[in-house]
Structure formats: C-alpha cells, structure tokens
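Colleague: Before I plan around this fold, could you take me through the model step by step, beginning with how the strands are put together?

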Amino acid sequence: MDDAQHQYVDKVATFFTMFGSTRAWAEILGWLMICEPAERTQAELAEDLGLSAGTVSTQLRTHVQLGMVEQVRVRGERVQRYRLKPGAWREVMTSELGRIQALGDLASAAAPVMPGDRPDRVTELGDLAGFFAREWPPLMERMTAELEKGTP
C-alpha cells in the first residue's frame with residue numbers, strides 16, 4: 001500500500017468510526033474499495049493493513065453479514081477471497097428508507113411525553129423524517145434510472 005492509498009484508507013476509517021464502526025472494519029472497507037486486484041484473502045488483508053488474522057476474520061464476517069462484502073473463489077485456488085460486493089453502495093442507500101422511517105417512529109412515539117419547553121426537539125425530527133420518507137423512494141428511482149442509463 002503506497003502513501004496515497006494509506007491516506008485514503010485512513011480517511012474512510014476516520015469517517016466510519018465517527019458513526020460507531022470499529023477502525024479495523026472501516027480500514028478493511030476502505031482498502032477493498034481501492035485495492036488491486038479487487039479481491040483479497042484474509043491473510044493479504046491482515047498483511048496489507050497490519051491487522052491480526054483474528055481481527056480480519058471477525059470484521060470480514062460482519063461485512064459479509066451486512067452484505068457489503070462477498071466471498072469469491074478463484075479457480076484453481078484453495079483460499080477464499082473477499083471483495084466489495086457489486087452494488088453494495090446502492091444497497092446501503094436503498095436501506096436508508098428503513099432508518100428514515102424508524103426515526104419518524106421515534107418522533108411519533110414521543111407524543112405522550114411531548115415536552116412543553118421547546119417541542120421542536122421532537123417535532124423537527126418528525127418533520128424531517130416525514131419529508132425524507134416521502135422523497136427518498138422517488139430519489140432512489142431517479143438514481144437507479146440514471147445509473148442504468150450510465151449518467152451519474
């Protein structure tokens with residue numbers, strides 16, 4: 001891994017750790033985004049990133065369970081390889097609707113305990129979640145249509 005690649009992996013790791021991901025999980029993601037070839041074995045990932053074999057194994061399992069990374073076999077090799085799953089980012093963005101709706105549910109659940117002092121602490125969340133719940137599906141449809149046409 002050269003310096004520029006290392007800086008990118010560090011940038012990805014810093015971003016995702018702000019949202020609660022482990023650093024190793026995020027480093028693996030960042031490296032799988034840019035490594036060549038696109039597939040890596042657990043041992044290669046451990047060596048490339050300076051992580052223990054156990055850490056890589058655990059974090060890869062999480063990536064696979066989340067659907068971000070897939071296992072691939074290269075013909076003639078006995079070792080399992082891993083790569084960023086094609087379409088993974090689109091799946092992440094599509095799944096955001098569930099989180100948006102869950103935020104709306106949190107705002108609705110506050111009705112019996114709505115604060116008199118600055119109710120906007122709750123109502124703002126409900127308003128934003130409602131807006132994005134309405135707008136997210138057409139936005140994703142438009143994105144899908146543009147990607148299929150080859151227009152990002």
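Colleague: In this predicted model, over how many bridges do strands E2 and E3 pair?

Modeller: Strand E2 covers residues 69–73, and its partner E3 covers residues 80–84. One place to see the pairing is Arg73, which stands opposite Gln80 in E3. The two strands run in the antiparallel sense, and the number of bridges between them is 5.

Colleague: Which residue in the hairpin of E2 and E3 takes a positive phi?

Modeller: The hairpin has 6 residues between the strands E2 and E3. Among the residues of this hairpin, the one with a positive phi, near 90 degrees, is Gly76.

Colleague: Which strands are the edge strands of the sheet?

Modeller: E3 also pairs with strand E1, residues 40–41, in the antiparallel sense over 2 bridges, and within that pairing Thr41 has Arg81 as its bridge partner. The 3 strands thus form an open, antiparallel sheet in the order E1-E3-E2. The strands that pair on one side only, and are the edge strands, are E1 and E2.

Colleague: How far apart are the end C-alpha atoms of helix H2, and what span should its residues give?

Modeller: Helix H2 has 12 residues, from 23 to 34, and at 1.5 Å a residue these should span 16 Å. The model agrees with that expectation, because its end C-alpha atoms are separated by 17 Å.

Colleague: How many of the residues of H2 are buried?

Modeller: A residue counts as buried when its relative accessible area is under 20%. In H2 the buried residues include Trp25, Ile28, Leu29 and Trp31. The helix is largely enclosed by the rest of the structure, because the buried residues among its 12 number 9.

Colleague: Is His63 buried or exposed?

Modeller: His63 is found in helix H4, which covers residues 53–66. Leaving aside residues up to four places away in sequence, His63 touches Trp25, Ile28 and Leu29, together with Met68 and Val69. With a relative accessible area of 0%, His63 is buried.

Colleague: And is Gln65 buried or exposed?

Modeller: Gln65 is likewise found in helix H4. The cut-off for an exposed residue is a relative accessible area over 50%. At 64%, Gln65 is therefore exposed.

Colleague: What kind of aromatic pair do Phe16 and Trp25 form?

Modeller: The count of aromatic pairs comes to 5, and in the pair of Phe16 with Trp25 the rings lie 5.7 Å centre to centre, with 70 degrees between the planes. Both residues count as buried, Phe16 at 18% relative accessibility and Trp25 at 10%. Ring pairs also link these two into a cluster with Phe15, Phe19 and Trp89. Since planes over 60 degrees apart fall in that class, the pair of Phe16 and Trp25 is edge-to-face.

Colleague: Which helix gives the most to the lining of the largest pocket?

Modeller: The largest pocket has a volume of about 300 Å³. Its lining consists of 13 residues, and those nearest its centre are Trp25, Leu66, Met68, Val92 and Arg99. The helix that gives the most to this lining, with 6 residues, covers residues 88–109 and is H5.

Note on methods: Residues numbered from 1 in each chain as written. Predicted model: local features only at pLDDT ≥ 70, side-chain atom pairs only at ≥ 80, totals over all residues. Heavy atoms only, no water. Helix = DSSP H or I, 4+ residues; strand = E, 2+ residues; numbered from the N terminus. Expected span 1.5 Å × (residues − 1). Buried < 20%, exposed > 50% of the residue type's maximum accessible area, 1.4 Å probe, protein only. Pairing = 2+ DSSP bridges. Contact = heavy atoms within 4.5 Å. Phe/Tyr/Trp six-rings, centres within 6.5 Å; stacked < 30°, edge-to-face > 60°. 1 Å grid on protein atoms, 1.4 Å probe; cavity = no way out; pocket = protein on both sides within 12 Å on 5 of 7 lines; lining within 4 Å. Points joined across faces, edges and corners; volume = space filled by probe spheres on them.
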